[in-house]
Amino acid sequence: MKLDRTRFGPAGYPIDAPKEKAFSYLKEIGLDAMEYQAVRAIPKNEKLLGWIKEEASENDIALSLHAPYAINLASADGGKRKASLERILKSAIAADRMGAKHITFHPGYYSGLSPDEALKIAIKGLSSVIQEIKDQGLDVELGPETTGKPSQLGSLDEVLKMAEDLDMVVPTIDFAHIHVRDGGIIKGREDYERILEEIERRLGSLDGLVIHFTEVEATKTGYGEKMHHELGSGYGPDFDPLAQLMVEHDVKWLVISESPILERDSVKMKNIYESYLRNRGG
Ligand SMILES: [Zn+2]
């Protein structure tokens, strides 16, 4: 999404303020982004959508929206594929009304198909929903998220392929998911560098990405996400080298904290990032 600078905020309403004060509270603690969680239900109430839009804009909070978990673009069941595309369209309508420019969603599961086939079906479905979004004049982009389980469609390569093949698609890069999907692959700076280089090579730029970040514990097998942890838990991945690279590459990102202590860790991430900015003298 178009961003004037790198911004930080939580995945969902802050934990330390009542909902009515969510946006002014985020501003008060120095944050400037939020990902609205429509993961179980898509808001339809025009009054609520208008209120979010007004509050977010008044407090300079840039919004993305997380679409429902119940999306599987590669389901063997045609009815479920159709319902998944409808959920993306409804998410796009809600996002447009609340002023969220980016819609994060989990593409689905391989569902017995080969990864190539599942990806092809997903891209075909997405192209039809993108046409509908254009026809309705909705001001949004779609963000297939890198997913955390090996059974899920959504490797880094797959979400980049979606972005290469389709208009209005900019992936959501979830580093915790990338980390555990492949058995804990982010151990330091070089691993982040490799990921950023791949994204830049395929998309042409690192700007405008929506990022999910949290430390994360893998399942017993070492592959796949078990649960999120606070920054500094020791589970990793470590935010520090990423913040350093963000400054070196001068990126403009929307960085969403998915830590269990949402906005509190968002403030930490912002502080780490700003300490590198200051070191650079910027
Ligand atoms: Zn997600």
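Let's start with Ile173, which stands opposite Ile211 in strand 9. Keep in mind that this is a predicted model. Strand 8 and strand 9 pair in the parallel sense, with 3 bridges between them.

Now stay on Ile211 and look the other way. Which residue of strand 12 is the bridge partner of Ile211? That's Val255. Right beside it in the sequence, Val210 has Leu254 as its bridge partner in strand 12. Altogether, strand 9, residues 209-213, and strand 12, residues 253-257, pair in the parallel sense over 5 bridges.

Let's zoom out to the sheet. There are 4 strands in an open sheet, ordered 1-12-9-8, with parallel pairing. Strand 1 (7-10) and strand 8 (172-174) are at the edges with a single partner strand each, so each has one side without a neighbour in the sheet. From one strand to the next, the twist averages 25 degrees.

Back to strand 9, then. Is strand 9 enclosed or open? Of its 5 residues, 5 are buried, so strand 9 is largely enclosed by the rest of the structure. As a reminder, side chains in a regular strand alternate between the two faces of the sheet. Here Leu209, Ile211 and Phe213 are on one side, Val210 and His212 are on the other, and all are buried, so both faces of strand 9 are covered.

One last element, friends: helix 9. Helix 9, residues 262-280, lies across strand 1, strand 9 and strand 12. With respect to strand 1, helix 9 runs at about 160 degrees.

Thanks, everyone!

Notes: Residues are numbered from 1 along each chain as its sequence is written. This is a predicted model: local features need pLDDT of at least 70, side-chain atom pairs count only at pLDDT 80 or more; totals for chains, interfaces and linings use all residues. Two strands pair if DSSP finds at least two bridges between them. Helices (H or I, at least four residues) and strands (E, at least two) are DSSP runs, numbered from the N terminus. Axes are lines fitted to C-alpha atoms, for helices over the stretch in contact, and angles run from 0 to 180 degrees between N-to-C directions. Two residues are in contact if their C-beta atoms, placed from the backbone, lie within 7 Å. A residue is buried if 20 or more other C-beta atoms lie within 10 Å of its own, exposed if 12 or fewer, and partly exposed in between; C-beta atoms are placed from the backbone.
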